[in-house]
Amino acid sequence: MPARQLTIRNVDEDLSERLRAISAAAGESLNATVLRILRDAVGVDARRERLRRYATWTDEEFEEFNAALRAQRVIDEKMWK
């Protein structure tokens, strides 16, 4: 899935300064810091980690499964004419 761009408005000066300080202390960009904080806040990485524990497919099996799904999702134009 392609990455999305978000714009956050009305960031007050205190929050902006704190985010910049956290970024500098971590040695990362402001964008990377904000993304990390957002991921932690909504539990994205925790969910991915839980799913990773149960995902036992190899990369090849995963691609084979996705190829089968793609084949089923093809619309037969002749049926709709």
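These are my notes on charged side chains in this structure, which is a predicted model.

**Entry 1: salt bridges.** I started by looking up how many salt bridges the structure holds, and there are 2. As background, I jotted down that side chains of opposite charge can pair when their charged atoms come close.

**Entry 2: glutamate 28 and arginine 36.** Here I found a salt bridge between the two side chains, with N to O at 2.6 Å. A salt bridge calls for a distance within 4 Å, so I had no trouble with the 2.6 Å of this pair. Next I checked how open the partners are. Glutamate 28 comes out at 27% relative accessibility, so I put it down as partly exposed. Arginine 36 has 33%, so partly exposed goes next to its name too.

**Entry 3: glutamate 63 and arginine 70.** What do the closest N and O atoms show here? They are 2.6 Å apart, and arginine 70 forms a salt bridge with glutamate 63. I looked up accessibility again. Arginine 70 has a relative accessible area of 45%, which means partly exposed. For glutamate 63 I got 40%, so partly exposed is my note there as well.

**Entry 4: a charged patch.** Which residues gather in a patch of negative charge on the surface? I listed Asp12, Glu13, Asp14 and Glu17. I followed up on one of them, glutamate 17, and found its place in helix 1, which covers residues 13–26. Its relative accessibility is 47%, so glutamate 17 counts as partly exposed. A patch residue needs over 30% relative accessible area, so the 47% of glutamate 17 fits that cut-off.

Notes. Residues are numbered from 1 along each chain as its sequence is written. This is a predicted model: local features need pLDDT of at least 70, side-chain atom pairs count only at pLDDT 80 or more; totals for chains, interfaces and linings use all residues. Side-chain values use heavy atoms; hydrogens and water are left out. Buried means under 20% relative accessible area, exposed over 50%, partly exposed in between (1.4 Å probe, protein chains only). Patches are made of residues with over 30% relative accessible area and no salt bridge: like charges are joined within 9 Å, nonpolar side chains (Val, Leu, Ile, Met, Phe, Trp, Tyr) within 5 Å. Accessible areas come from the Shrake-Rupley method with a 1.4 Å probe; for residues, only the protein chains shown count as cover. Lys and Arg count as positive and Asp and Glu as negative; His and the chain ends are not counted. The place of a charge is taken as NZ of Lys, CZ of Arg, CG of Asp or CD of Glu. Helices (H or I, at least four residues) and strands (E, at least two) are DSSP runs, numbered from the N terminus.
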